Amino acid sequence: MPATPHTRAEAMGLLARARPERLAELAPDLPGHAMLRAPETGAVMVQGRQGGTGAPFNLGEMTVTRCAVRLDCGAIGHAWVQGRDKGHARRAAVLDALLQTDRAAELAATILAPLAADETARHASQAARAGATRVEFFTMVRGEDE
Amino acid sequence: MYVAVKGGEQAIDNAHAWLAESRRGDVAIPELSVAQIREQMALAVGRVMAEGSLYDADLAALAIKQARGDLIEAIFLIRAYRTTLPRFGASRPVDTGAMAAIRRISATYKDLPGGQVLGPTFDYTHRLLDFALAAEGEAPVAPQAAPVGPVPRVTGFLDREGLIEPEPACDDPPPDLTREPLDLPAGRALRLQSLARGDEGFLLGLAYSSQRGFGRTHPFVGELRIGEVMVEVEIPELGLCVAIGAITLTECETVNQFTGSKTQPAQFTRGYGLVMGQSERKAIAMSLVDRALRWQELGEEDSGAPVQDQEFVLMHADNIQATGFLEHIKLPHYVDFQSELELVRRLRASAAQEAAE
């Protein structure tokens with residue numbers, strides 16, 4: 001398998017966190033594949049930590065859709081994506097499988113790189129808006145130290 | 001004695017048809033889309049996700065539309081829906097320290113690393129109705145400046161000096177009140193789960209009562225932060241941990257006085273609140289209630305305040321349980337009432353007879 005800039009876990013994360021419409025735009029055509037597990041929606045219990053750093057507790061669930069496919073060439077792909085979009089889970093699973101083939105480098109450039117750039121841009125824009133609301137304190141000298 | 005009662009089917013069907021018509025309101029006014037509710041009623045959506053205990057903004061927005069804006073009814077719809085979902089597993093505990101914070105403030109340190117970041121807050125608004133919103137117009141564009149990166153935890157500063165009780169990590173699987181009925185006394189993990197999905201108004205009232213003197217907590221908001229965290233899940237087929245999504249959380253850490261005991265030197269203690277969505281009122285309230293409920297482990301006095309009584313707090317915090325029991329009394333109780341009616345008549349008759357004798 002050729003090297004790509006992303007580990008499989010990172011690539012699966014980018015595919016899962018992509019907006020479904022964006023992923024469909026970047027990868028409109030999917031190769032032939034068989035369903036190992038048809039897209040299925042369920043819930044994952046999200047855990048937090050007591051005091052942010054301590055023992056875990058159950059915060060609440062979120063919706064997740066998972067899917068597993070086998071390409072005609074035999075490569076197997078898995079996807080777990082947040083939400084209930086079955087088309088998204090299926091597309092992410094097929095792309096995960098394709099990333100295990102000799103098309104990995106090409107797909108890393110045409111799909112994963114734009115997704116990573118989208119995410120970075122979105123985070124940067126939020127962080128910059130937050131930055132504009134950072135308080136700059138002006139301290140008055142009141143003369144008590146004289 | 002139960003008497004089978006039938007009938008009312010047509011009336012119920014017609015009532016539901018009228019409900020649907022009323023939900024739509026005046027058809028001359030454009031209909032709300034679920035996406036509009038999701039984007040423009042984001043805090044209501046957050047509350048429905050938090051108390052419905054299911055993070056899915058589209059579902060919460062749909063529930064709000066279906067419930068005509070009655071948030072407890074919407075929460076009920078989400079709770080009912082979530083019971084139909086198979087459970088795929090649990091996430092890794094989210095790392096709120098790595099949160100992409102859009103808001104982060106501390107009431108204990110003015111100048112702290114990362115700074116005071118106000119974010120999209122109602123604070124410092126004048127609470128004057130903005131009639132400009134009643135007219136259509138472009139929303140202003142938020143200014144941008146040097147970005148906020150990951151910000152350190154305020155309690156971390158105190159922790160390094162040993163001034164606050166430690167909160168050591170462990171990976172024991174937590175109990176889950178959606179799988180096992182809530183058993184009292186409940187440990188802190190179970191209490192936090194219950195509070196995280198509890199009614200915001202109930203927690204607000206309890207927290208306020210503790211501030212007014214019914215169970216003393218004397219909290220400072222060490223830190224309040226809001227932002228997205230990654231949700232990492234282990235994919236069992238691959239044994240890989242994947243960040244499959246991101247959710248917005250509000251976290252509040254309070255710092256509370258603790259004078260120490262025979263075995264422990266004086267140090268600060270912690271109260272913790274973590275809520276899905278953007279809801280700092282609830283996160284602050286949760287952290288006060290969490291701290292108040294810890295009186296026993298910290299060797300504090302039981303002042304008999306409601307907020308210190310975990311049965312009182314945990315058994316009444318769930319607005320779906322509460323509304324179910326409360327509202328069931330409007331359903332037919334014809335036979336129960338008939339027996340009480342007969343009893344009252346009999347008592348009155350015998351009283352009248354005694355008076356006559």
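Which residue takes a positive phi just after α3(B)? Ser53(B) does, with a phi of about 65°. This is a predicted model, in which local features need pLDDT of at least 70, side-chain atom pairs count only at pLDDT 80 or more, and totals for chains, interfaces and linings use all residues. Residues are numbered from 1 along each chain as its sequence is written, while chains are lettered from A and ligands numbered from 1 in the order in which they are written.

Let's begin with the helix before that serine. Helices (H or I, at least four residues) and strands (E, at least two) are DSSP runs, numbered from the N terminus. Helix α3 of chain B covers residues 42-52, and 8 of its 11 residues are buried, so it is largely enclosed by the rest of the structure. Buried means that 20 or more other C-beta atoms, placed from the backbone, lie within 10 Å of the residue's own. Among the buried residues of α3(B) are Val45(B), Val48(B) and Gly52(B).

Val48(B) also appears in the largest nonpolar core, which has 105 residues. Such a core is a set of buried Ala, Val, Leu, Ile, Met, Phe, Trp, Tyr and Cys residues joined through C-beta atoms within 7 Å. Leu15(A), Ala79(A), Val48(B), Ala60(B) and Val289(B) touch the most other members. Helix α9 of chain B (280-293) gives the most to this core, with 8 residues. Domain 1 (10-82) and domain 2 (96-120 + 146-168 + 176-323) of chain B both contribute, so the core lies between them; these bounds come from an automatic or database domain assignment.

Now to the meeting of the chains. The contact (C-beta atoms, placed from the backbone, within 7 Å) takes 70 residues from chain B and 51 residues from chain A. On the chain B side, β5(B) gives the largest share, 10 residues. That side divides as follows, with Ala, Val, Leu, Ile, Met, Phe, Trp, Tyr, Cys and Pro counted as nonpolar, Asp, Glu, Lys and Arg as charged, and the others, Gly among them, as polar.

| Class | Chain B side |
|---|---|
| nonpolar | 41 residues |
| polar | 12 residues |
| charged | 17 residues |

Strands link the chains too: β2 of chain A (56-71) and β1(B) pair in the parallel sense over 2 bridges, where pairing needs at least two DSSP bridges. Tyr55(B) is the bridge partner of Met62(A).

Within chain B, 4 strands form an open antiparallel sheet in the order β3-β4-β5-β6. Its edge strands are β3 and β6 of chain B. Between β3(B) and β4(B) there are 5 bridges, and Ile105(B) stands opposite Leu224(B) in β4(B).

Notes: A residue is buried if 20 or more other C-beta atoms lie within 10 Å of its own, exposed if 12 or fewer, and partly exposed in between; C-beta atoms are placed from the backbone. Two residues are in contact if their C-beta atoms, placed from the backbone, lie within 7 Å.
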